[in-house]
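Student: I've got a model open and I'd like to go through it with you. Can we take it one question at a time?

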Amino acid sequence: MTRCHECCKRCLGRVPYCSLIATLLCFSGIALFCGCGHQALTETERLIETYFARNLQDYVTLAYIILYFQYFIYGLASFFFLYCIMLLAEGFYTSSAVKQTFGEFRSTMCGRCLSSTFIVMTYGLAMLWLLMFALSALPVYFFYNMDATCHTIDVLTETPASINQLCVDARQYGLLPWNAVPGKACGITLSTICKTREYRMTYDLYIAAFVGAGITLLALVHCALVLAVSLVYLRWLHSWAKDDRRGYELYGQLLRDRGGTLSSPYHSNIWDTP
């Protein structure tokens with residue numbers, strides 16, 4: 001029982017918890033971003049088609065952009081799935097190298113180069129994902145403005161003349177060309193759109209996708225920091241082991257020079273009292 005307990009404790013001690021947390025965060029963030037973003041794009045196309053454009057030619061460009069971006073989401077999910085697995089494997093390797101520096105999993109030059117490569121790749125990926133994080137905020141901003149306009153319309157329901165002047169124009173946000181008809185929704189029509197299930201669900205999906213992008217960015221930054229700290233610690237440990245080995249070699253050399261024994265250079269009676 002004691003041997004089993006010690007074995008479990010030793011195995012749990014070798015788990016790279018920081019890398020594991022970063023991997024789980026990255027998985028959850030990407031799943032949230034890709035799943036919610038894909039469905040939100042589909043619902044956005046339906047809203048534009050139903051309420052903002054009557055002619056297919058008016059939103060065909062937007063439809064192609066949505067389709068291409070959905071394909072991009074498929075590739076993005078696959079890439080991050082494989083990349084997170086590699087980062088987790090790198091975390092296990094680094095942890096094993098730290099725990100058993102003098103054993104089988106000793107840190108080598110190839111391992112240190114691989115760790116440095118992962119750090120640079122993760123940092124560059126985090127910088128690129130920062131752009132994706134900013135882009136995911138744009139639809140949230142659009143739906144926030146639309147929701148605020150609908151709230152104003154609900155407050156001013158007793159004055160229909162002023163209500164009809166409150167509009168949301170999809171053409172101003174670049175979603176539709178300027179010759180699209182009607183291209184905008186005003187007054188009671190806009191208020192009706194805001195009360196539909198499709199609108200509320202699309203708004204919530206974009207918020208969830210934005211949160212997922214933020215979680216992914218946090219995971220990438222956290223993973224880059226963990227890999228950098230592990231690499232620095234490995235280099236320090238390697239340098240310490242080299243100095244320690246050099247000390248043992250110097251000690252052995254002194255033993256050989258002294259004929260197998262080492263004695264104090266001071267006289268044996270130097271500490272004797274008169």
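What follows is a chat about the fold, the hollow spaces, the salt bridges and a few single residues of this predicted model.

Student: Let's begin with the fold. What pattern does the chain follow along the sequence?

Tutor: Keep in mind that this is a predicted model. The chain has seven helices and two strands. Read from start to end, the order is α-α-α-α-α-β-β-α-α.

Student: How much of the chain counts as buried?

Tutor: The cut-off for buried is under 20% relative accessible area. The chain has 274 residues, and the share of them that counts as buried is 35%.

Student: On to the hollow spaces. Which helix gives the most to the lining of the largest pocket?

Tutor: That pocket has a volume of about 630 Å³. There are 22 lining residues, and the closest to the pocket centre are L41, L135, L138, P139 and Y206. At least two lining residues each come from α2 (17-52), α3 (56-99), α4 (109-155) and α7 (197-257). The one that gives the most, with eight residues, is α4.

Student: And how many charged residues are in the lining of the largest pocket?

Tutor: Split the lining by class and you get 19 nonpolar residues and three polar ones. For charged residues in that lining, the count is no residues at all.

Student: What about closed spaces: which helix gives the most to the lining of the largest cavity?

Tutor: The count is two cavities of 30 Å³ or more, and the largest holds about 60 Å³ of space. Its lining is made of T44, L47, I48, F52, F142, F143, M146 and L175. The elements that supply two or more of these residues are α2 and α4. With four residues, the top contributor is α2.

Student: Which elements each supply at least two residues of the lining of the second largest cavity?

Tutor: This cavity holds about 40 Å³ of space. A22, T23, C26, C84, L87, A219, L220 and C223 line the second largest cavity, and by class they divide into seven nonpolar, one polar and no charged. The elements with at least two residues each in that lining are α2, α3 and α7.

Student: Now the charged pairs. What is the N to O distance in the salt bridge of D147 and R200?

Tutor: The structure holds three salt bridges, and this one links distant parts of the chain, with D147 in helix α4 and R200 in helix α7, 53 residues apart. D147 is partly exposed at 25% relative accessible area, and R200 is partly exposed too, at 33%. Between the two side chains, N to O, the distance is 2.8 Å.

Student: Is E43, the partner of R46 in a salt bridge, buried or exposed?

Tutor: E43 and R46 both sit in helix α2, three residues apart, about one turn of the helix. Their closest N and O atoms are 3.1 Å apart. R46 is partly exposed at 47% relative accessibility. E43 has a relative accessibility of 3%, so it counts as buried.

Student: Which residue meets D169 in a salt bridge?

Tutor: D169 is buried, with a relative accessible area of 11%. The partner is also buried, at 15% relative accessibility. The two side chains meet at 2.9 Å, N to O, and the partner is R171.

Student: Let's look at the surface. How much accessible area do the residues of the nonpolar patch have together?

Tutor: The patch is formed by Y64, L67, Y68, Y71 and Y74. Y74 lies in helix α3 and is partly exposed, with a relative accessible area of 44%. Taken together, the patch residues have an accessible area of about 580 Å².

Student: Where is P182, the residue after the cis peptide bond?

Tutor: The peptide bond from V181 to P182 is cis, with omega near 0°. As for its place, P182 is in the loop between β1 (167-169) and β2 (184-186).

Student: Last one. How far apart in space are V168 and F52, C-alpha to C-alpha?

Tutor: V168 lies in strand β1 and counts as buried, at 6% relative accessibility. F52 is one of the residues that line the largest cavity. V168 and F52 are 116 residues apart in sequence, and their C-alpha to C-alpha distance in space is 9.7 Å.

Terms used:
Residues numbered from 1 in each chain as written. Predicted model: local features only at pLDDT ≥ 70, side-chain atom pairs only at ≥ 80, totals over all residues. Heavy atoms only, no water. 1 Å grid on protein atoms, 1.4 Å probe; cavity = no way out; pocket = protein on both sides within 12 Å on 5 of 7 lines; lining within 4 Å. Points joined across faces, edges and corners; volume = space filled by probe spheres on them. Nonpolar A, V, L, I, M, F, W, Y, C, P; charged D, E, K, R; others polar. Patch = residues over 30% accessible without salt bridge, like charges linked within 9 Å, V, L, I, M, F, W, Y side chains within 5 Å. Areas by Shrake-Rupley, 256 points an atom, 1.4 Å probe, with all protein chains shown as cover. Salt bridge = Lys/Arg side-chain N within 4 Å of Asp/Glu carboxyl O. Buried < 20%, exposed > 50% of the residue type's maximum accessible area, 1.4 Å probe, protein only.
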